[in-house]
Amino acid sequence: MTSLERYADVLEKLPPDAREAVERMLAQGWDIWMVKVGETIELARGAASFPNWGRSEDFWVVAGSPTVEFRVAIEGIALMGGGCFKCYSITFNNVGDAVAYEEKTSVNSEFRRTRRLYVCVRK
């Protein structure tokens, strides 16, 4: 079963422009995390690097118009590295609002990527 088949019932609830955007992300292998109207999540943007470890986080609006509010910046300095992350609150205002979140982590040359597509699917 493909992602499009698995999420067919979710996709049919979305406005046409949001449906197209979400279908494109599904075709690229993104996972859907369903949220409801009025729900708020916290996400970060930024990067940190240390001798054996690195991490970066980013998010972007894929569809609709969720409210994105800056919350706080977290800065850290270590012996041989450091980083800065900016934390944001994202509130989903309408069915069809979608936000992509990607986290990349490397530890001792092992690379891992997490990709989530938050999609507002119900009121």
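**Figure 1. A salt bridge between D58 and R45 in the predicted model**. D58 and R45 form a salt bridge in this predicted model. Their closest N and O atoms lie 2.9 Å apart. The pair links distant parts of the chain. D58 sits in strand β3, while R45 belongs to strand β2 (residues 40-50). In sequence, 13 residues separate the two. Is D58 buried, exposed or partly exposed? D58 is partly exposed, with a relative accessible area of 33%. R45 also counts as partly exposed, at 31% relative accessibility. Side chains of opposite charge can pair when their charged atoms come close.

**Figure 2. A salt bridge between E69 and R71**. The side chains of E69 and R71 meet here, at 3.1 Å from N to O. E69 is partly exposed, with 35% relative accessibility. R71 is partly exposed too, and its relative accessible area is 49%.

**Figure 3. E102 and R113 bridge two strands**. A salt bridge joins E102 to R113. The closest N and O atoms are 3.4 Å apart. E102 lies in strand β6 and R113 in strand β7. The two residues are 11 apart in sequence, and the pair links distant parts of the chain. Which level of cover does E102 have, buried or exposed? E102 counts as buried because its relative accessibility is 13%, under the 20% cut-off. R113 is partly exposed, with a relative accessible area of 45%.

**Figure 4. A salt-bridge network of R55, E57 and E103**. Salt bridges with shared partners join these three residues, R55, E57 and E103, into one network. In total, the structure holds 5 salt bridges. R55 has a further role in the view: it stands opposite T105 in β6.

**Figure 5. Strand β6 and its pairing partners**. Strand β3 (residues 53-63) pairs with β6 in the antiparallel sense, over 10 bridges. β6 also pairs with β7, again antiparallel and over 10 bridges. Across the β6 and β7 pairing, A100 has L117 of β7 as its bridge partner. How many residues of β6 are buried? Of its 10 residues, 7 are buried, and β6 is mostly covered. In a regular strand the side chains alternate between the two faces of the sheet.

**Figure 6. The hairpin of β6 and β7**. This hairpin has 2 residues between its strands. N108 takes a positive phi there, near 45°.

**Figure 7. The largest nonpolar core**. This core holds 17 residues. Which of them touch the most other members? They are L14, V22, L26, I32, A98, L117 and V119. At least two core residues come from each of α2 (8-11), α3 (16-27), β6 (98-107) and β7 (110-122). α3 gives the largest share, 5 residues. In soluble globular proteins, nonpolar side chains tend to be buried together.

**Figure 8. The surroundings of V119**. Neighbours within four places in sequence are left aside in this view. V119 is then in contact with L14, V22, I32, W33, M34, V35, D97 and A98. L14, V22, I32 and A98 are also listed, with V119, among the core residues that touch the most other members.

**Figure 9. A second core**. This core is separate from the largest one and has 11 residues. Among them are I41, Y88, Y101 and Y118.

**Figure 10. T91 and its polar contact with T40**. T91 lies in strand β5 (residues 81-91). A polar contact of 2.8 Å joins the side chains of T91 and T40. T91 counts as buried because its relative accessibility is 19%, under the 20% cut-off. What does T91 contact, leaving aside its neighbours within four places in sequence? The contacts of T91 are G38, E39, T40, P66 and T67.

**Figure 11. The whole protein**. The secondary structure comes to 3 helices and 7 strands. From the N terminus, the elements run α-α-α-β-β-β-β-β-β-β. The C-alpha trace spans about 50 × 35 × 15 Å along its principal axes. Of the 123 residues, 37% count as buried. The protein exposes about 7300 Å², and carbon and sulfur atoms supply 50% of this area. Among contacts with a separation of 6 or more, 67% come from residues 24 or more positions apart.

Key:
Residues numbered from 1 in each chain as written. Predicted model: local features only at pLDDT ≥ 70, side-chain atom pairs only at ≥ 80, totals over all residues. Heavy atoms only, no water. Core = buried A, V, L, I, M, F, W, Y, C linked by side-chain atoms within 4.5 Å. Buried < 20%, exposed > 50% of the residue type's maximum accessible area, 1.4 Å probe, protein only. Helix = DSSP H or I, 4+ residues; strand = E, 2+ residues; numbered from the N terminus. Contact = heavy atoms within 4.5 Å. Pairing = 2+ DSSP bridges. Salt bridge = Lys/Arg side-chain N within 4 Å of Asp/Glu carboxyl O. Polar contact = N/O pair within 3.5 Å; in protein donor to acceptor, adjacent residues only side chain to side chain. Areas by Shrake-Rupley, 256 points an atom, 1.4 Å probe, with all protein chains shown as cover.
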